[in-house]
Amino acid sequence: MLGKGFPTSRVALKGVSAIVSTARRRTFRVGPMAVPIRSMAIANGKPLNVQLFPAHPSMHLHPSDEKSKLVHFVRHAEGLHNAAHRDREEEFWKTLFNSDEMWDAPLTKEGEAQCAGLEEVILSEGIDVDLIVVSPLTRTLQTAQLSFGKTHPKTPAIAHELCRERIAVYTSEGRTDTSVVAQRFPQVDFSLVTNEKDTMFQHKEKDEDVGARAKLFVEWLMARPESRIAVVSHSVFLQQLYLAYQETLPHEFYSERQDFAGLKTALLCYEQD
């Protein structure tokens, strides 16, 4: 199941939406180097105010709407580390949580079954997307492939480190070498994952760091030309993203962690101050 699904996309950061004429540059630290990230904070010389609103998965945008994007945020299905924490809790906290066994934890059989359930949701709600953005960790890549990869086999998929899980003490948050995952998932474009080794894992994050990273990721999404996007990511990252935009979201949207293979849809739009 690892070699079929999405077609390879080479669009990467090219083709930035025409609504952006001027942008400032920010940096995002990946390992020892600060990588420049184009920011959507300024467009046409004026600051942008990006807002998130809850939306129904079957919602459709008007073709003339150039200021909004419909984004389906998905948490990965159950991983090996999740099952270990549930079934072997004492052992997990003693040795497993930071062990080599948990590095870049893949999906369990139950997780694969959850992806089939997500596939049914995508089909029943009539969800259509122009782009699939996925964290470069194995469990998110598997989740994307076993759900959207089946329902949208011709939709481009891009791996992006900005939407990976919070990096703390858990080895499950580590990433497999880029060349290895690129070979396992040839249908995904890994051109934005610029480091072979996971140098990002060396730099631990607090929740507020993840929230700041999530805002950069939303700005990157807003700069994309596509208007219907699926994002396959992780529970802490997604919760911190929602919290960063909580003023326009209901409490239940961000108050609890997202379910395994759970989907939440949001309308992303901006106003110029």
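Mentor: Before we start, one cut-off: a residue counts as buried when its relative accessible area is under 20%. Keep in mind too that this is a predicted model.

Trainee: Okay, try it on Ala261. Buried or exposed?

Mentor: Ala261 has 10% relative accessibility, so it counts as buried.

Trainee: And where is Ala261 found?

Mentor: Ala261 sits in the loop between α9, residues 251-254, and β9, residues 263-272. Its backbone is worth a look, since phi of Ala261 is near 55°, a positive value in a residue other than glycine.

Trainee: What about phi of Asp104?

Mentor: That one is positive as well: phi of Asp104 is near 45°, and again the residue is not glycine. Asp104 lies in the loop between α2 and α3.

Trainee: Is Asp104 buried or exposed?

Mentor: Buried, because its relative accessibility is 3%.

Trainee: Let's move on to α3 then. What span should its 16 residues have?

Mentor: At 1.5 Å a residue, α3 should span 22 Å, and its end C-alpha atoms are 23 Å apart, so the two agree.

Trainee: Which residues of α3 are buried?

Mentor: The buried ones are Gly111, Gln114, Cys115, Leu118, Glu119 and Ile122. They cover an arc of only 155° around the axis, which means they are on the same side of α3.

Trainee: And which exposed residues are on the face turned away from that buried side?

Mentor: That face of α3 carries Lys109, Glu120, Leu123 and Ser124, which are exposed.

Trainee: What follows α3?

Mentor: Gly126 does, with a positive phi near 65°.

Trainee: Now α4. How many of its residues are buried?

Mentor: 9 of 9, so to speak a full house: helix α4, residues 138-146, is mostly covered. The buried residues run from Thr138, Arg139 and Thr140 through Leu141, Gln142 and Thr143 to Ala144, Gln145 and Leu146.

Trainee: Changing topic: what volume does the largest pocket have?

Mentor: About 460 Å³. There are 20 residues lining the largest pocket, and the closest to its centre are Arg75, His81, Asn82, Ser235 and Arg257.

Trainee: Which elements give two or more residues to that lining?

Mentor: Those are α1 (80-87), α2 (89-94) and α8 (235-244). The largest share comes from α1, with 4 residues.

Trainee: How does the lining divide into nonpolar, polar and charged?

Mentor: The lining of the largest pocket has 5 nonpolar, 7 polar and 8 charged residues.

Trainee: Last topic, side-chain contacts. Which side chain does Thr265 join in a polar contact?

Mentor: The side chain of His72, in a polar contact of 2.9 Å. Thr265 is in strand β9, and at 3% relative accessibility it counts as buried.

Trainee: β9 came up earlier, right?

Mentor: Yes, with Ala261, which is in the loop between α9 and β9.

Trainee: And Thr178, where is that one found?

Mentor: Thr178 is in helix α6, residues 178-184. At 10% relative accessibility, Thr178 counts as buried.

Trainee: What does the side chain of Thr178 contact?

Mentor: The side chain of Arg175: a polar contact of 2.7 Å joins the two.

Key. Residues are numbered from 1 along each chain as its sequence is written. This is a predicted model: local features need pLDDT of at least 70, side-chain atom pairs count only at pLDDT 80 or more; totals for chains, interfaces and linings use all residues. Side-chain values use heavy atoms; hydrogens and water are left out. On a 1 Å grid over the protein atoms alone, a cavity is a set of points where a 1.4 Å probe fits but cannot get out, and a pocket is an open set with protein on both sides within 12 Å along at least five of seven lines; lining residues have an atom within 4 Å of a point. Grid points are joined across faces, edges and corners, and a volume is the space filled by probe spheres set on the points. Ala, Val, Leu, Ile, Met, Phe, Trp, Tyr, Cys and Pro count as nonpolar, Asp, Glu, Lys and Arg as charged, and the others, Gly among them, as polar. Buried means under 20% relative accessible area, exposed over 50%, partly exposed in between (1.4 Å probe, protein chains only). The expected span of a helix is 1.5 Å times one less than its number of residues. The arc is that of the directions from the helix axis to the C-beta atoms. A polar contact is a pair of N or O atoms within 3.5 Å; within protein, one must be able to donate a hydrogen and the other to accept it, and residues adjacent in sequence count only if both atoms are side-chain atoms.
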